[in-house]
Amino acid sequence: MNTVDALRHDVIDVHGLVVRYGASTALDGVSLRVAPGDMVALVGPNGAGKSTLVNTLSGILQPASGSVTVRGRLAQVPEGRQMFGDLSVDDNLRLGAWCLRGRGRARRENRDTSRVYELLPDLVRVRHRKAGGLSGGQQQMVAVGRALMSRPEVIVIDELSLGLAPLVVTDLARHLKRLNREDGTAVLLIEQNARLALDLCDRAYVLEAGRISAEGDSADLAASPEMVRAYLGGPGEGSAPKATGRDIPRTGTVHSQEGS
Ligand code: ATP
């Protein structure tokens, strides 16, 4: 795949994906796409299959059927951040560039963290501290920065907001938006916090019990009464609670849920 092809086609193209754990089906015919420079959200309740999808995108899990095409480099921000706690922030970031090849000058450029510190300036003052001693929000920034070090076409973030205070999440969201705008990096944001996901991303998919139950422009989905009731906590109620997954929104494109 050359650069021109990568620019023309979706960076993530998932079609009819089925993934099983033994006899149990976790993803049942999931289709989803992310175009270059897109910000796309995947929301859904506990156990919907979000992490299964992430792990299939990164090749950890194999599909039983369907296809997963990733064009260009995909970098993952894993749920729970997975820092090397005894290493400094600087070293954690540099580990993100391990997959880039090069010697001499190219190697030095690959290990250059300056763009990450430019995008995530709060990390500058903690760059020599051990990552294990940082706050949750700082660690999430390191995890995002580490993913950026591989210069990905698309970054997949599994639960950006998990365990973080609302102000910290707002700050992280601002940084992601800037990254997307300035560097054109596509983002697939996997979130239980539907309000955050719909605010931040242009398009969204709703995953329930292994199937896509709704998809469309975030604004359309956010206006759906069912989406509001099931995922957004009602109008004007502030941040989103955990989704119940019981109601399925009927705006955007809504798929039938036979047998679920
Ligand atoms: P959460 O938001 O709680 O992390 P999720 O949407 O990421 O949930 P998954 O972790 O992908 O959901 O799980 C999807 C389904 O697959 C669930 O029913 C879960 O119990 C099941 N599952 C996940 N991992 C395994 C595994 N290793 N072995 C068997 N079943 C699994």
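Two strands are said to pair if DSSP finds at least two bridges between them. With that in hand, let's walk through this predicted model, beginning with its sheets.

## The antiparallel sheet

Strand S1 (residues 12-21) pairs with S2 in the antiparallel sense, over 8 bridges. Within that pairing, valine 19 has leucine 27 in S2 as its bridge partner. The wider arrangement is an open sheet of 3 strands in the order S2-S1-S4, with antiparallel pairing. Strand S2 (24-34) and strand S4 (65-70) are the edge strands, each pairing on one side only. From one strand to the next, the twist averages 25 degrees. Helix H2 (residues 50-57) packs on this sheet and touches S1, S2 and S4. The direction of H2 makes about 115 degrees with that of S1.

## Strand S7 and its parallel neighbours

Now for strand S7 (residues 186-191). How many of its residues are buried? The count is 6 of the 6, so S7 is largely enclosed by the rest of the structure. From S7, Ala186, Leu188 and Ile190 point one way, while Val187, Leu189 and Glu191 point the other way, and all are buried.

Two parallel pairings involve S7. Strand S3 (residues 39-43) is joined to S7 by 5 bridges, and here leucine 42 stands opposite isoleucine 190. Strand S6 (residues 154-158) is also joined to S7 by 5 bridges, and there valine 156 stands opposite leucine 188.

## A closer look at leucine 42

Leucine 42 has its place in strand S3. Is this residue, leucine 42, buried or exposed? Its relative accessible area is 0%, and buried means under 20%, so leucine 42 counts as buried. Leaving aside residues up to four places away in sequence, leucine 42 touches Leu32, Lys50, Leu53, Leu189, Ile190, Glu191, Tyr205, Leu207 and Ile212. One of these contacts, leucine 189, is 147 residues apart from leucine 42 in sequence. In space, the C-alpha atoms of leucine 42 and leucine 189 are 6.1 Å apart.

## Helix H10

Helix H10 (residues 225-232) has 6 of its 8 residues buried, so this helix is largely enclosed by the rest of the structure. Its buried residues are Glu226, Met227, Val228, Ala230, Tyr231 and Leu232. They pack against S3, helix H8 (194-200), strand S8 (203-208) and helix H9 (218-223). Just after H10 comes glycine 233, which takes a positive phi of about 75 degrees.

## Salt bridges

The structure holds 11 salt bridges. Three of them are set out here, with the N to O distance for each.

| Acidic residue | Basic residue | Distance, N to O |
|---|---|---|
| aspartate 90 | arginine 94 | 3.9 Å |
| glutamate 118 | arginine 115 | 3.3 Å |
| aspartate 183 | arginine 115 | 2.6 Å |

Why are aspartate 90 and arginine 94 separated by about one helical turn? The reason is that they are 4 residues apart in helix H3. An α-helix has 3.6 residues a turn, so residues three or four places apart point the same way. Aspartate 90 counts as buried because its relative accessibility is 7%. Its partner, arginine 94, is at 25% and so counts as partly exposed.

Glutamate 118 and arginine 115 are 3 residues apart in helix H5 (residues 114-119), so about one helical turn separates them too. Glutamate 118 counts as partly exposed at 44% relative accessibility, and arginine 115 is partly exposed with a relative accessible area of 25%.

Arginine 115 also forms a salt bridge with aspartate 183. This pair links distant parts of the chain, with arginine 115 in helix H5 and aspartate 183 in helix H7 (residues 166-183), 68 residues apart. Aspartate 183 counts as partly exposed at 38% relative accessibility. Both bridges of arginine 115 belong to a wider picture: Arg115, Glu118, Arg178, Glu182 and Asp183 are linked in a network of salt bridges.

## A nonpolar patch on the surface

Which residues make the nonpolar surface patch? They are Phe84, Leu87 and Leu95, and the patch has an area of about 240 Å². Leucine 87 lies in the loop between strand S5 (74-77) and helix H3 (89-95). At 31% relative accessibility, leucine 87 counts as partly exposed.

Technical notes
Residues numbered from 1 in each chain as written. Predicted model: local features only at pLDDT ≥ 70, side-chain atom pairs only at ≥ 80, totals over all residues. Heavy atoms only, no water. Axes fitted to C-alpha atoms, helices over the stretch in contact; angles between N-to-C directions. Contact = heavy atoms within 4.5 Å. Patch = residues over 30% accessible without salt bridge, like charges linked within 9 Å, V, L, I, M, F, W, Y side chains within 5 Å. Areas by Shrake-Rupley, 256 points an atom, 1.4 Å probe, with all protein chains shown as cover. Salt bridge = Lys/Arg side-chain N within 4 Å of Asp/Glu carboxyl O. Buried < 20%, exposed > 50% of the residue type's maximum accessible area, 1.4 Å probe, protein only.
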